[in-house]
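Subject: Structure for your review

Dear colleague,

Please find below the structure I promised to hand over, together with its sequence. My findings follow directly after it.

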Amino acid sequence: MFQSLSGKKVVIIGASAGIDLAVAKKTAELGASVVISCSGNKLNQAMESVSGQIEALAVDILNEDSVNALFEQVGKVDHLIVTSVAEQKLLRSPIADMATETAQRGMEKFWATFFAVRASVKNIAQDGSITLTSSISIFKPSKLGGISVLSAANGAVAVFGRTLAAELAPIRVNVIAPGVVVDTGVWSNQSESERSALEKWGSEALPVQHLGQAEEVAQAVLSLITNTYLTGVILPVDGGLTVM
Ligand SMILES: NC(=O)c1ccc[n+]([C@@H]2O[C@H](COP(=O)([O-])OP(=O)(O)OC[C@H]3O[C@@H](n4cnc5c(N)ncnc54)[C@H](OP(=O)(O)O)[C@@H]3O)[C@@H](O)[C@H]2O)c1
């Protein structure tokens, strides 16, 4: 279904789990040489779970020196995929009580994305691509309390991506906006009863009648990487959440 990525180098930031680990598996299956990176602890485990040409490099996406060093080591890049999540659950707060430090940390995802793009852009092939990760919360404000600043960070990532699509052309720049994708770190601390309630909601309320899987988002990322007519897209991968 997707064109071969043989001879292409794909760099994925945040690939020890979730959506990006699924992207690592799929790009490796298509023949790419894949660099996975995350903060370190789970790198070996992630590497062992992907077959193909894989290199694993540690990076702290929140530290610009670390991100710069990663791309000096990596060299030429054909496709860059950036996701990164800090401790989002710890950064939720109702706006009236939100500490300035919490709000500033809530924007970390934007800064991490900025560090990655700035450090890599001179290495990205002119026929290559950048895929950034936002959230469906930019289109459908969540009833979950306390995520106003986290949603603002996702909005910043999305607008950053669309603007870069104009600035960096012919390099293509796209953004995915995942909905509720449950086999990921973001949802890993749920109790059994919370998970059952979420699954019930997914099957009854979502048009596709199920919650999202990382593999489904990875397929969307592969479309953005391989379709040479796609740039400046913010792609909801949400099971129809925004049409409810
Ligand atoms: N899952 C959802 O329902 C959902 C919904 C909307 C948006 N999203 C977005 O999708 C993206 C991926 O989320 P996910 O659910 O796949 O998350 P995940 O399973 O928790 O994966 C996050 C990845 O980020 C890495 N990471 C965290 N802190 C890092 C740091 N300081 N430096 C380098 N790597 C770091 C983690 O690796 P280590 O911990 O090993 O470093 C891990 O590989 C995020 O941007 C998230 O906001 C997800």
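Helix α1 is mostly covered, with 11 of its 12 residues buried; please note that this is a predicted model. The buried residues of α1 are G18, I19, D20, L21, A22, V23, A24, K25, K26, T27 and A28. At 1.5 Å a residue, the 12 residues of α1 should span 16 Å, and the distance of 17 Å between its end C-alpha atoms agrees with this. After α1 comes G31, which has a positive phi near 100°.

The same helix is relevant to the ligand. With 3 residues, α1 (residues 18-29) gives the most to the shell around the ligand. In total, 29 residues surround the ligand, and the closest are G14, G18, S39, T184 and G185. By character, the residues of this shell divide into 14 nonpolar, 11 polar and 4 charged.

Turning to the sheet, 7 strands form an open arrangement with parallel pairing, in the order β3-β2-β1-β4-β5-β6-β7. β3 (53-58) and β7 (234-237) stand at the edges; each has a single partner strand, so one side of each is left without a neighbour in the sheet. On average, neighbouring strands are turned by 20° against each other, direction ignored.

Strand β1 merits separate mention. 5 of the 5 residues of β1 are buried, so this strand is largely enclosed by the rest of the structure. Both of its faces are covered: K9, V11 and I13 are buried on one side, and V10 and I12 on the other. β1 pairs in the parallel sense with strand β2 (residues 33-38) over 5 bridges, and the bridge partner of I12 in β2 is I36.

Towards the other edge, strand β6 (residues 172-178) runs parallel to β7 and is joined to it by 4 bridges. Here V175 has I234 of β7 as its bridge partner. Helix α8 (residues 214-226) lies across β4, β5, β6 and β7 and runs at about 165° to β6.

Helix α5 (residues 108-120) also agrees with its expected length: at 1.5 Å a residue its 13 residues should span 18 Å, and its end C-alpha atoms are 18 Å apart. Its buried residues are K109, F110, A112, T113, F115, A116, V117, A119 and S120. What covers these residues includes the strands β1 (9-13), β4 (77-82) and β5 (124-133), together with the helices α3 (64-74) and α6 (148-167).

Finally, two arginines were examined individually. R162 lies in helix α6 and is partly exposed, with 16 other C-beta atoms within 10 Å. Leaving aside neighbours within four places in sequence, R162 is in contact with G232 and I234. R162 and V233 are 71 residues apart in sequence, while their C-alpha atoms are 6.9 Å apart in space. I234 thus appears twice in this account, as a contact of R162 and as the bridge partner of V175.

R195 is found in helix α7 (residues 192-205). R195 is likewise partly exposed, with 13 other C-beta atoms within 10 Å. From G145, R195 is 50 residues away in sequence and 18 Å away in space, C-alpha to C-alpha.

With kind regards

Notes. Residues numbered from 1 in each chain as written. Predicted model: local features only at pLDDT ≥ 70, side-chain atom pairs only at ≥ 80, totals over all residues. Expected span 1.5 Å × (residues − 1). Buried ≥ 20, exposed ≤ 12 C-beta atoms within 10 Å, placed from the backbone. Contact = placed C-beta atoms within 7 Å. Pairing = 2+ DSSP bridges. Axes fitted to C-alpha atoms, helices over the stretch in contact; angles between N-to-C directions. Near = placed C-beta within 6 Å. Nonpolar A, V, L, I, M, F, W, Y, C, P; charged D, E, K, R; others polar.
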